[in-house]
Amino acid sequence: MAELFSDEWMTKFMEEWNKESDLAGALEKIGFNSNIGYGFDGEDQPRGVLVVQNGKAVEAGAYAGQSLNWDLRASPDNWSKWISKGLGMMGLGMAYTSRKLKFNVGDYGAMIKDPRMAGPFIKSFTVMGRV
């Protein structure tokens with residue numbers, strides 16, 4: 001298994017993202033475009049980045065200074081837990097309020113209030129579990 005958020009891991013995540021209609025298909029309907037960084041809490045920069053255009057992941061790999069719309073951070077233990085067990089809406093709220101999941105860039109409040117984005121966001125954790 002590839003190291004979490006490595007170039008190889010992010011490439012597999014991109015492939016799984018695009019296979020999931022509740023993620024890529026749902027975000028395509030709202031014309032979602034974003035550069036999403038993933039990494040570990042306390043590090044200067046994210047480890048991996050996923051570039052999403054019109055809902056589809058079109059580029060993925062190690063972070064190389066790209067501008068980000070979202071930068072998600074957590075401890076390796078928390079990422080592992082969420083990836084293996086998934087994360088529901090209640091779990092997401094608890095993770096955010098307890099600061100186990102941090103949005104270094106991006107507006108959690110706006111995302112969670114929009115079910116067109118919140119559902120796919122939750123689904124992305126399930127998809128991570130397929131990598």
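Before we look at anything else, one definition: two strands are said to pair if DSSP finds at least two bridges between them. With that in hand, please keep in mind throughout that what we have here is a predicted model.

Let me begin with strands S2 and S3, where the definition applies directly, since six bridges join S2 to S3 and the two strands run antiparallel. Within this pair, Leu50 stands opposite Ala60 in S3. The two strands form a hairpin with two residues between them, and in that hairpin Asn54 takes a positive phi near 50 degrees. This is a positive value in a residue other than glycine. Is Asn54 buried, exposed or partly exposed? Asn54 has a relative accessible area of 38%, and is therefore partly exposed, because the partly exposed class lies between the limits of 20% and 50%.

On its other side, S2, which covers residues 48-53, pairs with S1 in the antiparallel sense over five bridges. Two positions help us to find this pairing in the structure: Gly37 stands opposite Val49 in S2, and Ile36 stands opposite Leu50 in S2. You may notice that Leu50 has now come up twice, opposite Ile36 and opposite Ala60 in S3. As for how covered this strand is, five of the six residues of S2 are buried, so S2 is largely enclosed by the rest of the structure.

Let us move on to S4. Strand S1, residues 34-40, pairs with S4 in the parallel sense over five bridges, and the bridge partner of Ile36 in S4 is Trp70. S4 also pairs with strand S5, residues 102-105, this time in the antiparallel sense over three bridges, and here Arg73 stands opposite Lys102 in S5.

How many of the residues of S4 are buried? Five of its five residues, 70-74, are buried, and the strand is described as mostly covered. It is worth pausing on the directions of the side chains, because in a regular strand they alternate between the two faces of the sheet. In S4, Trp70, Leu72 and Ala74 point one way, while Asp71 and Arg73 point the other way, and all of them are buried.

Now we can put the sheet together. Five strands form an open sheet in the order S3-S2-S1-S4-S5, and the pairing is mixed. The edge strands are S3, residues 56-62, and S5, each of which pairs on one side only. Neighbouring strands of this sheet are turned by 25 degrees against each other on average, if direction is ignored. Helix H1, residues 7-19, packs on this sheet, where it touches S1, S2 and S3, and the direction of H1 makes about 170 degrees with that of S3.

Just before this helix there is one residue that deserves a moment of our attention. Phe5 lies in the segment before H1, and the phi of Phe5 is near 70 degrees, again a positive value in a residue other than glycine. Why does Phe5 count as buried? Its relative accessibility is 1%, and buried means under 20%.

That leaves the packing of helices on one another. Two packed helices are described by the angle between their axes and the distance between the axes. H1 and H2 pack at an angle of about 70 degrees, with their axes 5 Å apart, which means that H1 is roughly perpendicular to H2. On the H1 side we find Trp17, Asn18 and Lys19, which meet Ser21, Leu23, Ala24 and Leu27 in H2. Sorted by class, this contact of H1 with H2 has four nonpolar, two polar and one charged residues.

H2, residues 21-29, also meets helix H6, residues 115-128: their axes come within 8 Å and cross at roughly 150 degrees, so H2 is roughly antiparallel to H6. The crossing of H2 and H6 is left-handed. H2 contributes Asp22, Leu23, Ala26 and Leu27 to the contact, and H6 contributes Arg116, Pro120, Lys123, Ser124 and Val127. By class, the contact of H2 with H6 has five nonpolar, one polar and three charged residues. If you look at Leu23 and Leu27 of H2, you will find them both in the contact with H1 and in the contact with H6.

Technical notes. Residues are numbered from 1 along each chain as its sequence is written. This is a predicted model: local features need pLDDT of at least 70, side-chain atom pairs count only at pLDDT 80 or more; totals for chains, interfaces and linings use all residues. Side-chain values use heavy atoms; hydrogens and water are left out. Buried means under 20% relative accessible area, exposed over 50%, partly exposed in between (1.4 Å probe, protein chains only). Helices (H or I, at least four residues) and strands (E, at least two) are DSSP runs, numbered from the N terminus. Axes are lines fitted to C-alpha atoms, for helices over the stretch in contact, and angles run from 0 to 180 degrees between N-to-C directions. Angles under 35 degrees count as roughly parallel, over 145 as roughly antiparallel, 65 to 115 as roughly perpendicular and the rest as oblique. A crossing is left-handed if the near helix is turned anticlockwise from the far one by less than a right angle, and right-handed if clockwise. Contact means heavy atoms within 4.5 Å. Ala, Val, Leu, Ile, Met, Phe, Trp, Tyr, Cys and Pro count as nonpolar, Asp, Glu, Lys and Arg as charged, and the others, Gly among them, as polar.
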